[in-house]
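Q: Hi! Got a minute to walk through a structure with me? I'll paste it here.
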Amino acid sequence: MNKMPLLGHSSLDDIFAWRPSGPVKVRQFLAEARALAKLMPAGQSLLNVCQDRYRFALGFVAGLLTGKTSLQPSSQSAETLRNIRQQSPDVWCLCDDEFDSLDLLRLDFPDLSDVDANAVQAVPEIAADHVAACLFTSGSTGTPMPHFKRWDQLVMSGQAEAERLGLTDRPHVIVGTVPVQHAFGFESTFLLALHGAAPFWSGKPFYPQDIVATLNAVPQPRLLVTTPYHLGALLAAEIELPKVDLLLSATAPLSIDLATRAESRFQAPLIEIFGSTETGQIATRQPTTGAAWHLLPGVRLTQEDAYTTASGAHVEGEITLSDVLELLPDNHFLLHGRHADLVNIAGKRTSIAYLNHQITAIPGVIDAAFFLPDDNSPEGITRLCAFVVAPGLNSRELLTALRDRIEPLFLPRPLFFVAKLPRNSTGKLPRNELQALYAEKLEHAGR
Amino acid sequence: MSEEITPEAVEALLPEIAELIVSALNLDVTPGEIEADAPLFGDGLGLDSIDVLEIALVISKRYGFQLRSDNEDNLRIFSSLRALTTYVASQRTK
């Protein structure tokens, strides 16, 4: 059976991670992962909701050592947990905070401080075809869609990114503001660290001052993995910025203005990553040098009609992208927006179909439709609104019911109660009708 | 600036912070409708972390201090309008 090493560090005494208490060596990490593996329940499906990046890494690797699969849903709402349990009845939770795990079996993060790091002699190897992780997209029927990732795909992804970013000869310390469970954070703060042999910061700084303090707490060279949103707030805060050697952004479109300001304030290149949960990351670009994206080595694109399909390298089989692409020579392409129905708010993705399914499933709702108004504030966040026909419900009742089903970011703001929706003769809701209804409602609200 | 803050001082600052939240987030309520002790997250206004970042930015500019999340206080600070106002009153430098 083909096996691949657990991590790419050249020595057991390399620094694996930085925690508030100081650096952690590879051998210490491996000893703790081995100890954690012994405490894990038998269930094959691991829902690792650790907030701390280092603890997540321990849970993930302990899972690999015991043949488990890490389930990484895009939301942690009660509805999602129920769905996941239905799909994987043996699921259990690894938690390091007060996470509400409903009635799932859970393991609260144990104290591993007394392990013997010197007993670790070698880096373990993992079967290349082991299903190591499962990321989810919100399917249009309301059930999260699983996307399985084999160990060899994860290794290739981490190695390709490290190579593209030029980290292989000079490992940077990775500081991430994004959660490690979601695709971008998983790839660019965890897999990149594991297979680019780059130490990472265990926390997830949030406020501008947190990000600055964290960067100052780790040695150079430094890589900041973030989103346009955190980056915008960081630059707007008017505080002194520490030296950063490379900036990495994804999850939402980055304006050229923000990219230019970020590079000038940090005196460092800003690289953007393109990918999807289905394909993983597939391309990068430096927005200030051009709009074209450069495919990662081995990834191929083909087009039929309006649709583009990705394959090769770590991409599983052939995957049709939900974005509209224009192919250019030499493995480059331009991005021209997304196919209808998909929405991305502050980096979280979902589809209008999914949201409509959730809102119309609420007792008392006769008809409803979510609507994403045209984007009018490039750096701000355009929020979804929803039109609902529900004579017996008030706004508070409806939002409470909705909050149990969807991520807070997708809650309608505002929510409009209407007598009926402007459905056409085939029952469809043309976007221009919704846009007109939206304009009319706004006018009524006096804006 | 971290001496005792009187309840009266907090009470007086409440409308200003409420106004700031509503205008920063373009919310669908009037400042007067935000209940001082109702949760800002979840069942109350339903704010999320992106909103928190936005409010933090406006607060840092208006009141001259940076918020930090490296303590347990972060959730408490944003637990209600009154909690946030109390925190601003204790930390402000302008």
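Q: Let's start with helix 5 of chain A: how many of its residues are buried?
A: Happy to help! This is a predicted model, and in it 13 of the 13 residues of helix 5 (residues 183-195) of chain A are buried. That is why helix 5 counts as largely enclosed by the rest of the structure.

Q: And which residue takes a positive phi just after helix 5 of chain A?
A: That would be Ala197(A), with a phi of about 50 degrees.

Q: Switching topic: what domains does the assignment give for chain A?
A: Domain 1 covers 3-338 and domain 2 covers 342-444. Taken over C-alpha atoms, the centres of these two domains of chain A are 31 Å apart.

Q: How many residues does each chain put into the contact?
A: Chain A gives 20 residues and chain B gives 14.

Q: Which elements of chain A give two or more residues to that side?
A: Helix 6 (208-217), helix 7 (228-236) and helix 10 (395-403) of chain A. By type, the chain A side that touches chain B has 15 nonpolar, 2 polar and 3 charged residues.

Q: Nice. Now the sheet with strands 18, 19 and 20 of chain A: in what order do they come?
A: The order is 18-19-20, in an open sheet with antiparallel pairing. Strand 18 (300-304) and strand 20 (319-320) of chain A are at the edges with a single partner strand each, so one side of each has no neighbour in the sheet.

Q: How many bridges join strand 18 to strand 19 of chain A?
A: There are 5, and strand 19 spans residues 307-311. As for a specific pair, Gln303(A) has Thr308(A) in strand 19 of chain A as its bridge partner.

Notes:
Residues numbered from 1 in each chain as written. Chains lettered and ligands numbered in written order. Predicted model: local features only at pLDDT ≥ 70, side-chain atom pairs only at ≥ 80, totals over all residues. Domains from an automatic or database assignment. Buried ≥ 20, exposed ≤ 12 C-beta atoms within 10 Å, placed from the backbone. Helix = DSSP H or I, 4+ residues; strand = E, 2+ residues; numbered from the N terminus. Contact = placed C-beta atoms within 7 Å. Nonpolar A, V, L, I, M, F, W, Y, C, P; charged D, E, K, R; others polar. Pairing = 2+ DSSP bridges.
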